[in-house]
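Reader: I'm new to looking at protein models, and the labels people use confuse me. Could you take me through one and tell me where each label comes from?

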Amino acid sequence: MRIRRILAAVFATAALAGLGLTGAATATATAGSVTPASVTPGECTDNGGTIDRSTPVLPTCRGGMHDGQTVD
């Protein structure tokens, strides 16, 4: 009986530890792929883009790494 309780505790601990590692890996992978909603004028031009001020609401970065993002 005692061995069963010990084994159950070991399996429960391993399962909870596995869930914690999976959550941390998912959070890390998601955080790296998030793009900002807007970029600064310096970020746009430093990464190969130009600022297009002819858009109706906000200027937009054209070309480069931040193509299509608004410039604030």
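Reader: Okay, let's start somewhere concrete. Where is the place of Thr60?

Author: Thr60 sits in strand 3. Keep in mind that what you're looking at is a predicted model.

Reader: Why does Thr60 count as buried?

Author: Buried means under 20% relative accessible area. Thr60 has 8% relative accessibility, so it counts as buried.

Reader: And what does Thr60 touch?

Author: Leaving aside residues up to four places away in sequence, the list includes Thr50, Ile51 and Asp52, and also Gly68, Gln69, Thr70 and Val71. Thr55 is on that list too, and there the two side chains make a polar contact at 3.4 Å.

Reader: What makes that pair, Thr60 and Thr55, a polar contact?

Author: The N or O atoms have to be within 3.5 Å. The side chains of Thr60 and Thr55 come in at 3.4 Å, so the distance fits the cut-off.

Reader: Let's try His66. Where does it lie, and why is it called buried?

Author: His66 is in the loop between strand 3 and strand 4. Its relative accessible area is 11%, and the limit for buried is under 20%, so His66 is buried.

Reader: Which residues does His66 touch?

Author: Not counting residues up to four places away in sequence, they are Val39, Glu43, Asn47 and Cys61. With Asn47 there is a polar contact, side chain to side chain, at 3.1 Å.

Reader: What about Thr70: which label does it get, and why?

Author: Thr70 lies in strand 4. Its relative accessible area is 26%, which falls between the 20% limit for buried and the 50% limit for exposed, so Thr70 is called partly exposed.

Reader: What does the side chain of Thr70 reach?

Author: The backbone oxygen of Ala37, at 3.3 Å. Ala37 is also among the residues that Thr70 touches, along with Ser38, Val39, Leu58, Pro59 and Thr60, again not counting residues up to four places away in sequence.

Reader: You just mentioned Leu58. Where does Leu58 lie?

Author: In the loop between strand 2 and strand 3. Leu58 has a relative accessible area of 43%, between 20% and 50%, so it is partly exposed. From Leu58 to Gln69 is 11 residues in sequence and 9.7 Å in space, C-alpha to C-alpha.

Reader: How many salt bridges does a search of the whole structure find?

Author: One. Arg62 forms it with Asp52.

Reader: How do you know that Arg62 and Asp52 form a salt bridge?

Author: The rule asks for a side-chain nitrogen of Lys or Arg within 4 Å of a carboxyl oxygen of Asp or Glu. Here the closest N and O atoms are 3.3 Å apart, so Arg62 and Asp52 qualify. The pair links distant parts of the chain, with Arg62 in strand 3 and Asp52 in strand 2, 10 residues apart. As background, side chains of opposite charge can pair when their charged atoms come close.

Reader: Is Arg62 buried, partly exposed or exposed?

Author: Partly exposed: its relative accessibility is 37%, so it falls between the 20% and 50% limits.

Reader: Which residues make the nonpolar surface patch?

Author: Ile3, Leu7 and Phe11, and the patch covers about 360 Å². Leu7 lies in helix 1.

Reader: What makes Leu7 fit for a patch?

Author: Patch residues need over 30% relative accessible area, and Leu7 has 45%, so it passes that cut-off. The label for Leu7 is still partly exposed.

Reader: How confident is the predictor in helix 1?

Author: Among the elements of the protein chain, helix 1 has the lowest mean pLDDT, 67, while strand 2 has the highest, 95. The chain averages 79, and 72% of the residues score at least 70.

Reader: Last one: how many helices and strands does the protein chain have?

Author: Two helices and four strands, and along the sequence they follow the pattern α-β-α-β-β-β. Of the 72 residues, 12% count as buried.

Notes
Residues numbered from 1 in each chain as written. Predicted model: local features only at pLDDT ≥ 70, side-chain atom pairs only at ≥ 80, totals over all residues. Heavy atoms only, no water. Patch = residues over 30% accessible without salt bridge, like charges linked within 9 Å, V, L, I, M, F, W, Y side chains within 5 Å. Areas by Shrake-Rupley, 256 points an atom, 1.4 Å probe, with all protein chains shown as cover. Buried < 20%, exposed > 50% of the residue type's maximum accessible area, 1.4 Å probe, protein only. pLDDT = per-residue confidence, 0-100. Polar contact = N/O pair within 3.5 Å; in protein donor to acceptor, adjacent residues only side chain to side chain. Contact = heavy atoms within 4.5 Å.
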